[in-house]
Amino acid sequence: ENGFFVYNTQIKTYRSYDKTNSKLGQSNIRSVFVDTENKYWIGIYFGLQIFDPEKKTFKSLTLPEPNNGTVSIIQMNNRIYVGTDGQGLLVFDLKGNLLNQYLMQGSNIPMIMQLNENELLFISYSYGLFAMNFKDHAIRRIELADVKKYPGLLFAVTAYKDKEGMVWVGTYNYGLFKLDLKKSEVLNFNIKEGLPSSDAIS
């Protein structure tokens with residue numbers, strides 16, 4: 001609710017941007033990503049903006065309607081992949097032009113991350129996990145041998161890949177999952193395994 005803050009590590013000061021002192025469209029920030037051109041992609045409720053720290057300007061991008069904002073942003077090569085709440089997975093060029101929209105896998109994409117050298121992984125809430133080849137944008141569902149035992153994977157909201165290549169998936173109500181994609185194995189951790197809550201969302 002306090003807007004967008006930029007911290008200067010050299011002089012150890014920060015500057016804040018909100019609706020009162022800038023063109024920031026919303027003071028509630030849902031996601032921030034810095035691209036290879038040092039531009040800040042700022043996901044806000046009902047929108048997406050690019051902040052240029054040198055010019056100190058905000059550029060508002062056109063998103064499909066209706067949407068509840070952008071919740072996950074990542075860059076692969078010269079493309080920006082954006083997960084939205086309501087309009088699926090969007091692909092932009094670095095200038096902010098919308099190139100593609102993917103809705104067949106679901107409209108709520110809370111998480112995107114790099115899976116391997118050729119693919120990114122994205123979560124579609126209530127539909128599960130998918131991999132997209134970021135060269136030709138071919139999409140495949142991530143299938144696991146015993147996934148039917150764990151319907152909670154359909155309600156994943158966050159993911160992390162560790163150094164050993166294991167993918168950890170957090171959910172609402174269904175705890176934390178450890179996925180071994182090479183062996184197609186799943187482990188589930190919940191309150192009885194020592195978690196303080198069945199929600200693993202951070």
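I count helices (H or I, at least four residues) and strands (E, at least two) as DSSP runs, numbered from the N terminus.

**Entry: the fold.** I am working with a predicted model here. I looked up the secondary structure and found zero helices and 18 strands in the protein. Next I checked the radius of gyration: it is 18 Å, close to the 17 Å that the globule rule gives for 202 residues, so the protein is as compact as a globular protein of that length. I also noted the span of the C-alpha trace along its principal axes, about 50 × 40 × 35 Å.

**Entry: inside and outside.** How much of the protein is buried? Of its 202 residues, 48% are buried. I then turned to the surface, where the protein exposes about 11300 Å². Carbon and sulfur atoms supply 49% of that area.

**Entry: contacts and charges.** I took the contacts with a separation of 6 or more, and residues 24 or more positions apart account for 37% of them. For charges, I found 22 positive and 20 negative side chains. The centres of the two sets lie 3 Å apart.

**Entry: a stop at Pro151.** Where does Pro151 sit? I found Pro151 in the loop between strand E14 (139–141) and strand E15 (156–161). I looked up its relative accessibility too: Pro151 is at 43%, and because partly exposed covers the range between under 20% (buried) and over 50% (exposed), Pro151 counts as partly exposed. Last, I paired Pro151 with Tyr174: they are 23 residues apart in sequence, and their C-alpha atoms are 8.5 Å apart in space.

Note on methods: Residues are numbered from 1 along each chain as its sequence is written. This is a predicted model: local features need pLDDT of at least 70, side-chain atom pairs count only at pLDDT 80 or more; totals for chains, interfaces and linings use all residues. Side-chain values use heavy atoms; hydrogens and water are left out. The radius of gyration is taken over C-alpha atoms; the globule rule is 2.2 Å times the number of residues to the power 0.38. Buried means under 20% relative accessible area, exposed over 50%, partly exposed in between (1.4 Å probe, protein chains only). Contact means heavy atoms within 4.5 Å. Accessible areas come from the Shrake-Rupley method with a 1.4 Å probe; for residues, only the protein chains shown count as cover. Lys and Arg count as positive and Asp and Glu as negative; His and the chain ends are not counted. The place of a charge is taken as NZ of Lys, CZ of Arg, CG of Asp or CD of Glu.
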